[in-house]
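Welcome to this short tour of a structure that you can turn around as you read. Keep the viewer open, and let us begin with one pairing of strands before moving outwards to the chains and their contacts.

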Amino acid sequence: MGAIWVIAEPGPDGGLARISAEAATLVRELAAATGREAIGIVVAPDPAVAAADLATYLAAVWAITEPAATDHAWSAVAARHVVNLLGTEAPDAIFVGAGADGRDVAGAVSAQTGLGVLVNATAVAWTDAGPAVEMNVFGGKLITTSGFTAGRGIITIRPNVTTAVQADTVGRIEPRTADGPAALPLVRVLERVSEAGAKAPIEEAKIIVSGGRGVGGAEGFGLVEDLADALGGAVGASRAAVDSGWIPYAQQIGQTGKIVKPELYLALGISGAIQHKVGMRTSGAIVAINRDTDAPIAEFADLFVAGDLFEVGAALLTRLRARSG
Amino acid sequence: MVTESMPPTYRLTEEQTLLRDAVRVIADERVAPRAAEIDKSGEFPQDLRELLAAQDILALPFPVKFGGLGGELLTVCLAIEQLSRACATTGLILAVQELASLPLLIAGTDGQKARWIPKLASGEHLIAFAVTEAEAGSDVAAIRTRAVRDGDDYVITGSKRFISHGSVADLVTVFAVTNADPTAARSRRLSCFVVEVPTPGFEVTRIEHKMGLRGSPTAELAFDGVRVPVANRIGNEGDGFELAMKTFDRSRPGIAAQAVGIAQGALDVAAAYARDRRQFGKRIGDFQLVAGMLADMDATTESARQLLYKACVEIEAGTPDASRWSAMCKLVAGDAAMRVTTDAVQVLGGYGYIDEFPVERMMRDAKITQLYEGTQQIQRLVVARALLGKDD
Amino acid sequence: MRIVVLVKPVPDPASGSERLGPDGRLDRAVAPNVVNGNDEFALEAALKLVEAAGEGEITLLSMAPANAPETLRKALAMGATRAVHVTDAALAGSCAVSTAAVLARALRDLEFDFVLAGIDASDGVGGIVPAAIAAHLGLPYLSYAQRIEPDMTTRTIRVRRTSPTGYDLLEAPLPAVIGCTQALGEPRYPSLKGIMAARGKEIVTRSLADLGLDPATHGANAATTALLDSTMPPSRGATEIVRGTPDEGAARIVDFLVERRII
C-alpha cells in the first residue's frame, strides 16, 4: 500500500499555510483509518519552521531545502521536487490545498506524471478502489463522489473542510533531497508587494461579513468592517461592490471571485444573484440584511432581516459590542 | 394567394443575438436616460444621432461594399426594436435612414450607391423619404409635385408634407410626377429622385407639433424650381410608383419593429410597477384583473414580435408574398403598440397619466405606428387583396 | 505580438442549467453555452495588449464539442483574429489531465509569444489545466495575473500575481503561459462592426487525427477520474424572514448566532 502525502504550502513568514494544517489533519485521519503512512512534504529555502509545525500534525515530514524558493514562484519549485520524488516513491494519494499555489502544483505534477486530479474535495473516504472524493459541483447544486480510474491520484482540498487538529505526538522530520531532471521552468519573483487593506485569504475565514451593491459606497464598507471585527471574521464583497471600486478584488466572493464555506456568512445589501450565490451557498449559516424581500437571497438564507442595512447593522453592532464589552 | 412559407422555421443566429444584445446595452445605458427630455423639449437628439453613427448602428442597413455592415432585414429590425424600447424617436432615426435609402438600394446604379451610401452608412448624412403631400397620403398615385425635364436636369416644383427628418436630412428621396399625361397609366406617372440639400429652391416651410414622437422633426418641404441632374434620378422615368411599393415591402417591418419596441418598453414599466405597487396589502400584480391585463399585453407583444421576425425572414428570402407579410406585420404591431401602451397607462392608474412615468409618452408615441407608413386601413387592403386576389 | 487565448465554452452559469449527463460528466449538450468568464478576461487582456502595441494577432484555441463555433463567435466579435477548434467525438468525457495534454499538443502547432488562459472555468472550477499545459510545453507558468506586461524587445514578460497580502511581481522569458483573473479588467462588449466582421473570420477545425493523437489514449477512454455517485445537497430549510424595527432584527440575529453556537 502506498503512503498518503500532503504537500505543505507556504504560509505567512515561512510558516505553514492554514490549509496545509487542515489537509494534514485529514491525511493523518485517512492514513490511520487505512493503515497507511502519512507524510508531509515541505519545500522551502529554510523549511525548519514549517516542518516543525507540520510535524505536530503528522508522524513523518520530509523537509526539502530549496534556496530557489527565495526568489522564485513557489509552485514550480515545489512541483519539480514532487515530480522527482515520484520517480522513486509511489504514494496512493497526494493532497494539496485548492488555493492558488496548491492548484498550480497539482497541474504541473499531473502533467509530468499522468496522475489524475480530483478538485475541491469537501470530504474524502477510502475504498478498495482508492480514494472516494466528494465535491460540490455546479455552484453547489449537486454533490458528486468520484474516484481515480488508476486507483491513485492528486486531490485538491478546500479550506474549512477539516478543522486542523494536532496529533498527540510530534512527528519525525527527515531532511530529503529530490534529485532528478529539472524539467519545469522556474519563474522569478522580482518583488513581493503588500497592499493596504489586503487580508488573510478569505477562503480560510470562519466568519465572513460581506457587502454588496446596497452598501452604496466605500464609506459604507466601514460598517461591514466593524461587524467583521466584532465577530472576528473577514470582510467579503459581491462583484458589484468590487466593480464599483469600493473594495479590492481579493475579497470578492462568487463565480469569478472566491468560493467560500465559512460557518457564518452575513450578507449586507447583497441580492444573492446566482453569480454570487455559487460562491457562498454551502456556508454553514447564511444571514442576510436587505431592504428587498424579493431578492433571491431571501430564498436560500437561513435568516433574512428585512430593513435598511445601515440601521439594522448599527443595531447589531451595538448589541455585539455590548456582549463582548 | 398564399404560398408555402420558406424557410419553415427560423432562429435568431448567434450573430443576430449578439447584435440585438449590443444595441440593447446601448439603448439602456445611453438612450433611455435621454428619452423623457427629448419628448419634453421636442428637440431632435443630435447627440443620439451621433451616438448611433459612432456605434455603427446606422451602418446596419447598407451593403458592406459601400461602407455598411450588410445587416439583413431582421438584423436591422432587431436594432430598431431595441432602440424604440428606450425611445421611439431614436428608433426612428435608424428606421428612416433605412426607409429613405431603400429606393437607392433597390434600384440605384452602382455609381449612385457609391456616391451616397458611404456617408449614409457612416451617419454623416441623414436621408428623408418624401412621398406624402397635403392632398396625397394613402393615395400615393395622386401626388402633384412635378419634375419636368430640362436639358440634363429635372426641375422639381411642389410641396411635401409630414416628412420625417425633413428638416435635418442631407438627402431627400423625392417622388414626383414626370408624366402628367391623363392617358398615362396611373402607376407609370411617377419618378424618384435624390435631392441633395440645401439647394436653391428648397425650403423647410413648417415643422409639425405632434402628439408623440416629439423629438423627431416632421416637416413640410417646399420645392420651388429645384434643379436636380438626371444622374440623381433613381431607376427609369415612370418607375417611381412601383419603387415606392417595393420600398414599403421592406420599410413596413421597420415600423413594425418600432411598434414592438414601444410595446415592450411599456410592458416592462407596467410589469415592474405591478410588482412594486401594493394596495390592500398585496402587490397589484396579484389581483387577477391586473394580472390578466399584463398577460394579454405580453401575449400581444410577443405575437407581434414573432410575426415581425417571421415576416423579415420571408421577405429577405425573396418571397413573392412580401407585400402581404410586410403589411400584416405592420398592421398587427401597430395595433399591439396602441393596445399595450394604453393598458400600461391603465395598470399604472393615476401615475400612468403623469410624466413621472414614461407610459403616457409611450402611448402618445404608439399612435403614429397606426398612421404612418401606410394607415392600418391601407394595410388591411393589402392583406385582403393578397388573400382574395383580383376579381376575374 | 502573437497571442493565443484558450477559450472554453461552458454552460451559461446564469442559466442554472448545468447538470450531469448519462456518462457522469457535465452534459455539454445543454444550451446555452457561453465563453467561460475568466477566459473573457484573458481575451480582453490580449486585446488591450495588441491595441497598446499597435500590432498583433490573437488566436483563440478551444477544445470543445462540435457546436463551439457559435460560442466562439462572440470572442471573434470582440476582436480575436481567428480561432482553432479542436473537436473529436472521442474527446467527449475527457478529464482535465487529458484536456491539458490535447491542448498542449495543439499549441505545439501554433506560433505564439505567450498564451493567456482563465485560471479556472466555471463548470469544473479545477484551476489546474493552464499549469498542466505549461508543464507539458516546458514553459514558465505565471498564474493569477492581475496585470500583464510583455516586453517584446527583451522577450520577457512581467505579471502581477495576486497574493493574500497584495501581489508578487513575477518575471519570465517568453514564450510563457499566463493564468488570468477578473482583476485584468471588464471585457468589452463587441461592437456592431466586430459582430458583423466575425462572420469572415477563420475557424480552423482539428481532430485528434490531425494532431496525431490516438483516440484510444484520449477522451473518455483515457479518463483518469470517474464519477461514483451523486446526490442533491440537503435542503437548507425554509428561510426565516424577520420584519420589524432595526433593533428587533438585530436582536433576532444575535439570538440566531447564539442558537447556532457561532457566538
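## Strand 4 of chain B

Strand 1 (residues 127–130) of chain B runs parallel to strand 4 of chain B, and the two pair over four bridges. Please keep in mind that this is a predicted model. Within that pairing, F129(B) stands opposite T173(B) of strand 4 of chain B. Strand 4 of chain B also pairs with strand 5 (residues 190–196) of chain B, here in the antiparallel sense and over seven bridges. T173(B) has a bridge partner in strand 5 of chain B as well, namely V194(B).

Is strand 4 of chain B enclosed or open, judged by how many of its residues are buried? Seven of the seven residues in strand 4 (residues 171–177) of chain B are buried, so the strand is largely enclosed by the rest of the structure. In a regular strand, side chains alternate between the two faces of the sheet. Here L171(B), T173(B), F175(B) and V177(B) point one way, while V172(B), V174(B) and A176(B) point the other way, and all are buried.

## A helix of chain B

Does the length of helix 7 of chain B agree or disagree with the span expected at 1.5 Å a residue? With 29 residues (288–316), helix 7 of chain B should span 42 Å, and its end C-alpha atoms are 42 Å apart, which agrees. After helix 7 of chain B comes G318(B), with a positive phi near 85 degrees.

## Two domains in chain A

The domain assignment splits chain A into domain 1 (4–176) and domain 2 (202–324). Taken over C-alpha atoms, the centres of domain 1 and domain 2 of chain A are separated by 31 Å.

Where these domains touch, nine residues of domain 1 of chain A are in contact with ten residues of domain 2 of chain A. The side belonging to domain 1 of chain A has two nonpolar, five polar and two charged residues.

## Chain C on its own

Chain C has 263 residues, and 51% of them count as buried. Its secondary structure comes to seven helices and 13 strands. The C-alpha trace of chain C spans about 65 × 45 × 40 Å along its principal axes.

How do contacts in chain C reach along the sequence, and what share join residues at least 24 apart? Taking contacts between residues at least 6 apart in sequence, 72% join residues at least 24 apart.

## Where chain A meets chain C

Between these chains, 80 residues of chain A are in contact with 70 residues of chain C. Helix 4 (residues 100–113) of chain A gives the largest share of chain A's side, nine residues. By class, the side of chain A that touches chain C holds 45 nonpolar, 22 polar and 13 charged residues.

Strands meet across the chains too: strand 10 (residues 188–194) of chain A pairs with strand 9 (residues 166–173) of chain C in the antiparallel sense, over six bridges. To find your way there, look for V193(A), which stands opposite Y167(C) in strand 9 of chain C.

## Where chain C meets chain B

Chain C also touches chain B: 13 residues of chain C are in contact with twelve residues of chain B. On the side of chain C, the elements giving two or more residues are helix 2 (68–78) and helix 5 (192–197) of chain C. The residues on that side of chain C divide into seven nonpolar, one polar and five charged.

Notes:
Residues numbered from 1 in each chain as written. Chains lettered and ligands numbered in written order. Contact = placed C-beta atoms within 7 Å. Nonpolar A, V, L, I, M, F, W, Y, C, P; charged D, E, K, R; others polar. Expected span 1.5 Å × (residues − 1). Pairing = 2+ DSSP bridges. Domains from an automatic or database assignment. Buried ≥ 20, exposed ≤ 12 C-beta atoms within 10 Å, placed from the backbone.
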